[in-house]
Amino acid sequence: PLRNTKTEKRILITGARGTLGSSLLSLIAAQGIDRDDLDITDETAIAHYLKGHSYDILIHFAAFTDVAGAEKDHDACYQVNVKGTENPCSGKNTDFS
């Protein structure tokens with residue numbers, strides 16, 4: 001997650017190493033951003049992290065986009081595209097009302 005020090009909003013960006021996420025990070029890197037790296041497919045690690053951290057904004061860019069790879073490795077695709085979406089959106093620190 002990133003923290004925008006100008007507005008004090010915490011932003012969780014998934015897929016920060018991918019095409020979209022890395023482009024966004026490049027745009028905001030010069031603005032005093034703190035960063036943590038997490039594996040969104042690791043439900044336990046995400047739950048543990050979210051117990052001590054919250055965020056105001058979720059930008060979800062993480063995705064398994066290799067179509068041929070997804071056909072070969074259904075589990076990896078499921079872990080990223082399904083569990084990787086559920087994990088940062090679950091828990092008591094999220095409120096999308």
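Okay, let me start with a cysteine. Cysteine 89 is partly exposed, at a relative accessible area of 32%. Before I go on, keep in mind that this is a predicted model. Now the other cysteine I want to mention: cysteine 77 comes out as buried, because its relative accessibility is 18% and the cut-off for buried is under 20%.

So how many disulfides are there? The count is zero. For anyone who wants the reminder, a disulfide is a covalent bond between the sulfur atoms of two cysteines.

Next, helix α4, which runs over residues 74–89. I picked two residues from there. Lysine 83 sits in this helix, and glutamine 79 does too.

Is lysine 83 buried or exposed? Buried: its relative accessible area is 18%, and that falls below the 20% line we use for buried. What does lysine 83 touch, if we skip the neighbours within four places in sequence? The contacts are Ile40, Glu43, Tyr78 and Pro88.

Glutamine 79 is a bit of a contrast. With 25% relative accessibility, glutamine 79 counts as partly exposed. Again leaving out neighbours within four places in sequence, glutamine 79 is in contact with Thr41 and Gly84. And here's a distance to look at on the screen: the C-alpha atoms of glutamine 79 and isoleucine 40 are 8.6 Å apart, although 39 residues separate the two along the chain.

Isoleucine 40 brings me to the pocket. The largest pocket holds about 450 Å³ of space. Its lining is made of 24 residues, and Ile40 is one of those nearest the centre, along with Ile13, Thr14, Gly15 and Leu38. Where does the lining come from? β2 (9–14), α2 (43–52) and α4 each give at least two residues to it, so we're back at our helix again. As for chemistry, the lining splits into 15 nonpolar residues, four polar and five charged.

Last thing, helix α1, residues 19–28. Which residues of α1 are buried? Gly21, Leu25 and Ile28. Those residues lie on the same side of α1, because they cover an arc of only 75° around the axis. Flip to the other side of α1 and you find Thr19, Leu20, Ser26 and Leu27, which are exposed.

To recap: zero disulfides, a buried lysine 83 in α4, a largest pocket with 15 nonpolar residues in its lining, and an α1 with its buried residues on the same side. Okay, that's me done, over to you.

Conventions: Residues are numbered from 1 along each chain as its sequence is written. This is a predicted model: local features need pLDDT of at least 70, side-chain atom pairs count only at pLDDT 80 or more; totals for chains, interfaces and linings use all residues. Side-chain values use heavy atoms; hydrogens and water are left out. Helices (H or I, at least four residues) and strands (E, at least two) are DSSP runs, numbered from the N terminus. Buried means under 20% relative accessible area, exposed over 50%, partly exposed in between (1.4 Å probe, protein chains only). Contact means heavy atoms within 4.5 Å. A disulfide is a pair of cysteine sulfur atoms within 2.5 Å. On a 1 Å grid over the protein atoms alone, a cavity is a set of points where a 1.4 Å probe fits but cannot get out, and a pocket is an open set with protein on both sides within 12 Å along at least five of seven lines; lining residues have an atom within 4 Å of a point. Grid points are joined across faces, edges and corners, and a volume is the space filled by probe spheres set on the points. Ala, Val, Leu, Ile, Met, Phe, Trp, Tyr, Cys and Pro count as nonpolar, Asp, Glu, Lys and Arg as charged, and the others, Gly among them, as polar. The arc is that of the directions from the helix axis to the C-beta atoms.
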